[in-house]
Amino acid sequence: MSGDKKVLLVTGGGRGIGAAICRQAAKTGYSVAINYASNEAAAAALVAEIEAGGGEAIAIKGDVGSEADVLAMFAAVDARFSRLDALVNNAGVVDAKARVDEMSAARLERMMRINVIGSMLCAREAVKRMSTLRGGEGGAIVNISSAASQLGSPGEYVDYAASKGAIDTFTIGLAREVATEGVRVNAVRPGIIDTEIHASGGQPDRIAAIRGFVPMKREGKADEVANAVLWLLSDEASYTTGGILNVSGGR
Ligand code: NAP
């Protein structure tokens with residue numbers, strides 16, 4: 001049980017940007033539910049790290065692109081904490097570098113299922129629990145978009161960029177839909193951030209290749225994205241909803 005502590009669910013929280021958000025949230029005083037897809041070791045190590053620091057965390061396995069998994073994940077949060085105050089829709093995937101005229105239907109379906117439908121399903125379950133219209137006590141959602149939604153990522157992964165464009169629009173629409181129900185919805189658009197996502201898309205040297213095109217001439221750190229997310233979740237952002245914050249070094 002979390003008692004008086006606020007509860008935050010972070011999808012894809014076991015590694016990368018999600019893990020940085022979980023670490024910072026635990027230090028801020030949240031109890032943290034860490035969702036992961038398959039890397040149980042990373043999520044378990046993060047739970048142990050947070051507990052060693054005096055915080056409270058659980059790891060929950062589940063594919064955000066599966067409705068059954070999403071329902072089970074929120075049920076696990078309910079069972080452990082009996083409350084939910086915040087959601088970060090962070091889980092996301094890229095794919096191999098390709099042109100649109102090379103993309104299979106299976107690739108497009110996976111990209112949209114995880115990045116778009118997954119975020120929408122999780123937001124749906126969070127709103128059911130947080131909206132004052134449904135008996136909740138309010139809360140905050142932050143969706144992790146990408147600078148790609150503005151750039152389009154031609155020749156690399158237009159499908160990924162389009163999935164993040166959908167996240168931007170979803171953020172604006174949901175924010176307005178629940179604005180009088182105590183739920184704020186915002187998004188963060190990271191630029192090029194030093195995580196394993198680039199290698200998972202088959203481009204381990206992507207950061208070195210792109211760094212020079214960033215106005216700040218450097219990649220960002222996961223903690224620099226987490227700083228923005230924690231602010232948007234906090235009461236300091238009490239009048240900010242439907243906002244989309246670039247955390248991209250000017251790119
Ligand atoms: P990452 O290091 O590859 O970590 C991805 C995380 O998402 C992992 O914890 C992974 O779980 C989880 N995940 C993947 N598919 C999932 C699924 N179907 N269901 C549940 N969890 C899933 O990625 P990252 O760089 O931190 O990216 C996090 C978010 O930031 C993504 O939405 C990404 O699009 C966005 N973003 C990243 C960058 C960047 O440069 N890094 C830039 C802009 C936007 P496992 O640990 O179990 O594999």
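With which side chain does the side chain of asparagine 143 make a polar contact? In this predicted model, the partner is the side chain of asparagine 89, at 2.9 Å. Asparagine 143 belongs to strand β5, which covers residues 139–144. Its relative accessibility comes out at 0%, so asparagine 143 counts as buried.

Valine 100 makes a handy contrast. This residue is found in the loop that runs between β4 (86–89) and α4. With a relative accessible area of 52%, valine 100 is exposed, since anything over 50% goes into that class. How far apart are valine 100 and alanine 42, in sequence and in space? Along the sequence the separation is 58 residues, and from C-alpha to C-alpha it is 33 Å.

Next comes the ligand. Where does the ligand sit? Its place is in the largest pocket. There are 31 residues around the ligand, and the ones that come nearest are Ser38, Asn39, Asn90, Tyr160 and Thr195. Several elements help to build this shell: at least two residues each are supplied by α1 (16–28), β2 (31–36), α6 (158–177) and α7 (197–200).

A few polar atoms of the protein can be picked out around the ligand. Aspartate 63 places an N or O atom of its side chain 2.8 Å from a nitrogen atom of the ligand. Glycine 62 takes part through its backbone, where a polar atom is 3.4 Å from a ligand nitrogen. The backbone is also what counts at isoleucine 193, where a polar atom lies 2.8 Å from an oxygen atom of the ligand. On its own the ligand has 900 Å² of accessible area, and the protein covers 94% of that.

Charged side chains pair up as well, and the model holds 19 salt bridges. Glutamate 125 is a good place to start, as its side chain takes part in a salt bridge with arginine 124 (2.9 Å, N to O) and in another with lysine 128 (3.0 Å, N to O). Why are glutamate 125 and lysine 128 separated by about one helical turn? The two residues are 3 apart in helix α4 (residues 105–130), and therefore about one helical turn lies between them.

Is glutamate 125 buried or exposed? It is buried, because its relative accessible area is just 3% and the limit for that class is under 20%. Both of the partners named above fall into another class. Arginine 124 is partly exposed, at 31% relative accessible area, and lysine 128 is partly exposed too, at 34%.

A further salt bridge links the side chains of arginine 218 and glutamate 224, with 2.8 Å from N to O. Here arginine 218 is partly exposed, its relative accessible area being 34%. Glutamate 224 is likewise partly exposed, with a value of 29%. Which residues do salt bridges with shared partners join into one network? The members are Glu67, Asp78, Arg124, Glu125, Lys128 and Arg129. Buried Glu125 is thus one of the residues in this network, alongside the partly exposed Arg124 and Lys128.

Methods:
Residues numbered from 1 in each chain as written. Predicted model: local features only at pLDDT ≥ 70, side-chain atom pairs only at ≥ 80, totals over all residues. Heavy atoms only, no water. Salt bridge = Lys/Arg side-chain N within 4 Å of Asp/Glu carboxyl O. Buried < 20%, exposed > 50% of the residue type's maximum accessible area, 1.4 Å probe, protein only. Helix = DSSP H or I, 4+ residues; strand = E, 2+ residues; numbered from the N terminus. Near = heavy atom within 4 Å. Polar contact = N/O pair within 3.5 Å; in protein donor to acceptor, adjacent residues only side chain to side chain. Areas by Shrake-Rupley, 256 points an atom, 1.4 Å probe, with all protein chains shown as cover. 1 Å grid on protein atoms, 1.4 Å probe; cavity = no way out; pocket = protein on both sides within 12 Å on 5 of 7 lines; lining within 4 Å. Sits in = over half its atoms within 2 Å of the grid points.
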